[in-house]
Amino acid sequence: SSLATGQYEMTIFGSLNEVQKIYKVKICIADKLLKTADDLLCLAKGAKDGKHISGYYALANDISGVTSSWTTQLDDTNGFTGIFNGCGHTLTISSLVGYGLFVQTSNGSEILNTHFVVSSVSDAWNRHLLGHAMNGTKIENCTFDFTITGHGTTRDGSAGLLFGSIGGSPITIKDCSFNVSLASGVEGDAMLICGWTNNTNYQIG
């Protein structure tokens, strides 16, 4: 029978020179492997166009040169509702604009095992890496590196680097690390996790 999508650890038994060996191999079974920046942005475009993007997506390799430029905010019935597994790879975003890579995550979506590097945040207002989080979003085992290169001209108010906002049912951020660097002369008050939330039921651990 076929395996369902997800992460697995296989145990392989063998021998070398009559010495028994046991090997453990981690595998990931996905609906789609993402190999290029265009592959990744197809997810965001589908969410931006009002589609319900579900399924299991995994990075096949490091991807660089990604830009996020979606400026349409969705309601909690749309957006990315699947699982995104970076499989330990690095995703480098050269420019962060608009509502982020996924526009909005909702309905139990998961972002896993990814190293996100944002090399330029020129305006901390309405510049969200992952978009907006709704209804059970889970972020686990990810690292986030932001370099803020400017405070922007639209507002001096606060905004969220990870999420623009958090709402709905419980949101979980687990086993993640964050690093934020400011370019010389840059000032600002962007919030790390989110700009605002009406959700008092979230967990960071």
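Is Phe80 buried or exposed, and what is its relative accessible area? In this predicted model, Phe80 is buried, and its relative accessible area is 1%. The setting of this residue is described below, beginning with the chain as a whole.

The chain contains one helix and 20 strands. Of its 205 residues, 40% are buried. The exposed surface of the chain amounts to about 10,200 Å², of which carbon and sulfur atoms supply 49%. Among contacts with a separation of 6 or more, 86% are between residues 24 or more positions apart.

At the start of the strand order, strand 1 (residues 6-16) pairs with strand 2 (residues 19-29) in the antiparallel sense, over 11 bridges. Gly6 stands opposite Ile29 of strand 2, and Ile12 has Tyr23 of strand 2 as its bridge partner. The two strands form a hairpin with two residues between them. In the turn, Asn17 has a positive phi of about 55 degrees.

In soluble globular proteins, nonpolar side chains tend to be buried together. The largest nonpolar core of this chain has 34 residues. Phe84, Leu91, Phe116 and Leu129 are the residues with the most contacts inside this core. At least two core residues come from each of helix 1 (37-48), strand 5, strand 6 (63-68), strand 9 (90-96), strand 12 (115-121), strand 15, strand 16 (163-167) and strand 17 (171-174). The most is given by helix 1, with four residues. When its neighbours within four places in sequence are left aside, Phe84 is in contact with Leu34, Leu40, Leu43, Tyr57, Leu59, Leu91, Phe102, Glu110, Ile111, Leu112, Thr114 and Phe116. This list includes Leu91 and Phe116, which are also named among the core residues with the most contacts.

Aromatic ring pairs were also examined. A pair of aromatic rings is described by the distance of the centres and the angle of the planes. With a limit of 6.5 Å between ring centres, the count is three aromatic pairs. One of them joins Tyr57 and Phe80, whose ring centres are 6.0 Å apart and whose planes lie at 55 degrees, so this pair is tilted. Tyr57 belongs to strand 5 (residues 56-59) and Phe80 to strand 7 (residues 79-80); the pair therefore ties together parts that are 23 residues apart in sequence. Tyr57 counts as buried at 13% relative accessibility, and Phe80 is likewise buried, at 1%.

A second pair is formed by Phe144 and Phe178. Their ring centres are 5.0 Å apart and their planes are at 10 degrees, so the pair is stacked. Because Phe144 lies in strand 15 (residues 143-148) and Phe178 in strand 18 (residues 177-182), this pair ties together parts that are 34 residues apart in sequence. Phe144 has 0% relative accessibility and counts as buried, whereas Phe178, at 28%, counts as partly exposed. Ring pairs link these two residues with Phe116 into a cluster. Phe116 is also one of the residues with the most contacts inside the largest nonpolar core.

Definitions and conventions: Residues are numbered from 1 along each chain as its sequence is written. This is a predicted model: local features need pLDDT of at least 70, side-chain atom pairs count only at pLDDT 80 or more; totals for chains, interfaces and linings use all residues. Side-chain values use heavy atoms; hydrogens and water are left out. Rings of Phe, Tyr and Trp (its six-membered ring) pair if their centres lie within 6.5 Å; planes under 30 degrees apart count as stacked, over 60 as edge-to-face and the rest as tilted. Buried means under 20% relative accessible area, exposed over 50%, partly exposed in between (1.4 Å probe, protein chains only). Two strands pair if DSSP finds at least two bridges between them. A nonpolar core is a set of buried Ala, Val, Leu, Ile, Met, Phe, Trp, Tyr and Cys residues joined through side-chain atoms within 4.5 Å. Contact means heavy atoms within 4.5 Å. Accessible areas come from the Shrake-Rupley method with a 1.4 Å probe; for residues, only the protein chains shown count as cover.
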